[in-house]
Amino acid sequence: MSARLDIVIPVYNEGPNILSTLGSLRDNVRTPFRVLICYDRPDDDTLTTIDAHRDTLGGMAIDYIRNPGRGAHGAVMAGFAASTAPYVIVLPADDDFNGGILDPMVAKAEAGADLVCASRFIPGGSMVGCPWLKAALVRTAAFTLHYIARLPTHDPTSGFRLFSRRVIDAIVVESDSGFCYSIELLVKCHRLGWPVAEVPAQWIERTRGTSRFRVLHWLPAYLRWYRYAFATTFLRRPASSVSLRQTWKPAT
């Protein structure tokens, strides 16, 4: 059965985490899916760990996607380029506790949403163990973007979300660092008037390995899309201002 869902997992030496995450997908996801492991270097221990334990993964479809550059942004973009399924989810490599929400995310997309946020800030969601500075920045951005800029999600900065094929194929990604592409695609969907939905998700600060999330380093890039969201609402920037790929044609 062909995959209805491609799960993009950017990795950097996630050997200690990846089997637990893949096991969660095996045990919880019923939508036909493929996993795209997006890596920088061929000596990444994520790959050797998976290869040594494939017999425990129940025949899961797993492809390795080499990042032509370096870093999280390039890894995710390589995953997007390799994806073919109607829906694409970007999942953190250490997330072995949200497998049960992927099917509901797909259900929201099949009901018409072009982007589905895994939200920490709605009933049923949580954020545990987050460093205070990061938590303050994330919560402030979430509050202002939802309640003032009127983005249709309570958790606009999370990188864990689902994108429709239309989003992947149509919208030009201008960001070039970190996980800024995620908020960029969100605010562009909002400006285009494309439907956005959310489901509750858990977030737990990792205990193994090193996070590649660099909130202060990426803050200027995030602020660009923060301003973009406000311009949509208060300056009434039109949908025609969103850059779309010339090769993309809307369905007729």
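**A walk through the sheet and its contacts**

Phe 143 is found in helix H5, which covers residues 132–147. Keep in mind that this is a predicted model.

User: What is the area of the nonpolar surface patch that Phe 143 helps to make?
Analyst: Phe 143 sits in helix H5. Its partners in the patch are Tyr 147, Ile 148, Phe 234 and Leu 235. Together these residues make a nonpolar patch of about 540 Å².

User: Which strands are the edge strands of the open sheet?
Analyst: The sheet has 7 strands with mixed pairing, in the order E3-E2-E1-E4-E7-E5-E8. An edge strand pairs on one side only. That description fits strand E3 (62–66) and strand E8 (196–200).

User: By how many degrees are neighbouring strands of this sheet turned against each other on average?
Analyst: Direction is ignored here. On that basis, the average turn between neighbours is 20°.

User: What angle does the direction of helix H7 make with that of E7?
Analyst: Helix H7 (residues 180–192) packs on the sheet. There H7 touches strands E4, E5, E7 and E8. Its direction and that of E7 make an angle of about 55°.

User: Are strands E1 and E2 parallel or antiparallel, and over how many bridges do they pair?
Analyst: E1 spans residues 5–10 and E2 spans residues 33–39. Asp 6 stands opposite Arg 34 in E2. The two strands pair in the parallel sense, and the bridge count is 6.

User: What is the N to O distance in the salt bridge of Asp 6 and Arg 34?
Analyst: The model has 13 salt bridges in total. This one joins Asp 6 in strand E1 to Arg 34 in strand E2, 28 residues apart. Their side chains meet with an N to O distance of 3.0 Å.

User: Why does the pair of Phe 80 and Phe 163 tie together parts that are apart in sequence, and how many residues apart are they?
Analyst: It's one of 10 aromatic pairs. The Phe 80 and Phe 163 rings are edge-to-face, 5.6 Å centre to centre with 75° between the planes. Phe 80 lies in helix H3 and Phe 163 in strand E7, so the parts tied together are apart in sequence by 83 residues.

Key: Residues numbered from 1 in each chain as written. Predicted model: local features only at pLDDT ≥ 70, side-chain atom pairs only at ≥ 80, totals over all residues. Heavy atoms only, no water. Patch = residues over 30% accessible without salt bridge, like charges linked within 9 Å, V, L, I, M, F, W, Y side chains within 5 Å. Areas by Shrake-Rupley, 256 points an atom, 1.4 Å probe, with all protein chains shown as cover. Salt bridge = Lys/Arg side-chain N within 4 Å of Asp/Glu carboxyl O. Helix = DSSP H or I, 4+ residues; strand = E, 2+ residues; numbered from the N terminus. Pairing = 2+ DSSP bridges. Axes fitted to C-alpha atoms, helices over the stretch in contact; angles between N-to-C directions. Contact = heavy atoms within 4.5 Å. Phe/Tyr/Trp six-rings, centres within 6.5 Å; stacked < 30°, edge-to-face > 60°.
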